[in-house]
Amino acid sequence: MATWPLSDMHTHATAYRLAGARPEMTVASMARHLESLGCDYAGIVEHLDSAPKHPIRCLEDLVAEFRTVSSSCALYVGAELDFEGDGISVPSAPRLKESLGLDYYLAAAHGVGEGITSTRAYIEDHHRRLMGIVEDCPYVDIVAHPWVEAGKFAERGLIEAWDWSLIPERYLREFVEAAAGCGKAIEVSRKVLPIADDPAFRAYLGLLCDVGGPVTVASDAHSLTGLGVTTPLTDLLGEAGFGPERLWRPERP
Ligand SMILES: [Zn+2]
Ligand SMILES: [Zn+2]
């Protein structure tokens, strides 16, 4: 059995946000927690989107603290973008990546999409947005949690029903091949664990494995609970045929 590093490329330092902040989620305390777990490397981010609680200033505060923290866990700093409508909701994102010296960007297609009430329309819109992230956003490094929020939307009655098997195989293939073609990593988030045994989800992991692009594992933790807990995800990847060489991490000069 291959030895996997312990990594977590999607963790939220929420202490800096303007609403719903968790004071314990500073870069420094997250770094200490990751170190105590023996984490090899991790990425610390916050949302950078159009929500009033996530102004650019909060990300600047996070980055400023990040520059003062050292850790035995190799740390990277980035942000999570939102592909909303026809594009990334913060048009200055490419410039900010450079000016703030961010190591990477995640991007996700959050929410059900404007005006969408049916599962069928959700599938079309989510696929379209995932493809937009892959094809139109060269500055994005990781596609975060594709499809995994849909179950929550069905529970809330925002779409009629959800099951991974509803996603057309050709859409999954198109997405995975396009991401591999431009070297973007696809995230395997802790949010997939409830459906880890679903045969349709396993088939997707098999496809992801066969196509050969990079992947990341992520807790998407917003609190210390769950931060750095990604071993169930690397176990899942191992079972699907992946090796640790498939894990993406930012390059540093
Ligand atoms: Zn997200
Ligand atoms: Zn997130």
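**Reading burial and salt bridges**

Q: Arg128 is partly exposed, at a relative accessible area of 36%; which cut-offs define that class?

A: Buried means under 20% relative accessible area, exposed over 50%, and partly exposed in between (1.4 Å probe, protein chains only). This is a predicted model, in which local features need pLDDT of at least 70 and side-chain atom pairs count only at pLDDT 80 or more, while totals for chains, interfaces and linings use all residues. Residues are numbered from 1 along each chain as its sequence is written, chains are lettered from A and ligands numbered from 1 in the order in which they are written, and side-chain values use heavy atoms, with hydrogens and water left out.

Q: With which residue does Arg128 form a salt bridge?

A: Side chains of opposite charge can pair when their charged atoms come close. The criterion is a side-chain nitrogen of Lys or Arg within 4 Å of a carboxyl oxygen of Asp or Glu. Arg128 meets Asp125 at 2.8 Å, N to O, and Asp125 is buried, at 12% relative accessibility. A network of salt bridges links Asp86, Asp125, Arg128 and Arg129.

Q: How many residues apart are Asp125 and Arg128 in helix H4?

A: An α-helix has 3.6 residues a turn, so residues three or four places apart point the same way. Asp125 and Arg128 are three residues apart in H4 (residues 119–136), about one helical turn; helices are DSSP runs (H or I, at least four residues), numbered from the N terminus.

Q: Where else does a salt bridge span about one helical turn?

A: In helix H6 (residues 169–181), Glu177 and Arg173 are four residues apart, about one helical turn. Their side chains meet at 3.2 Å, N to O.

Terms used: Helices (H or I, at least four residues) and strands (E, at least two) are DSSP runs, numbered from the N terminus.
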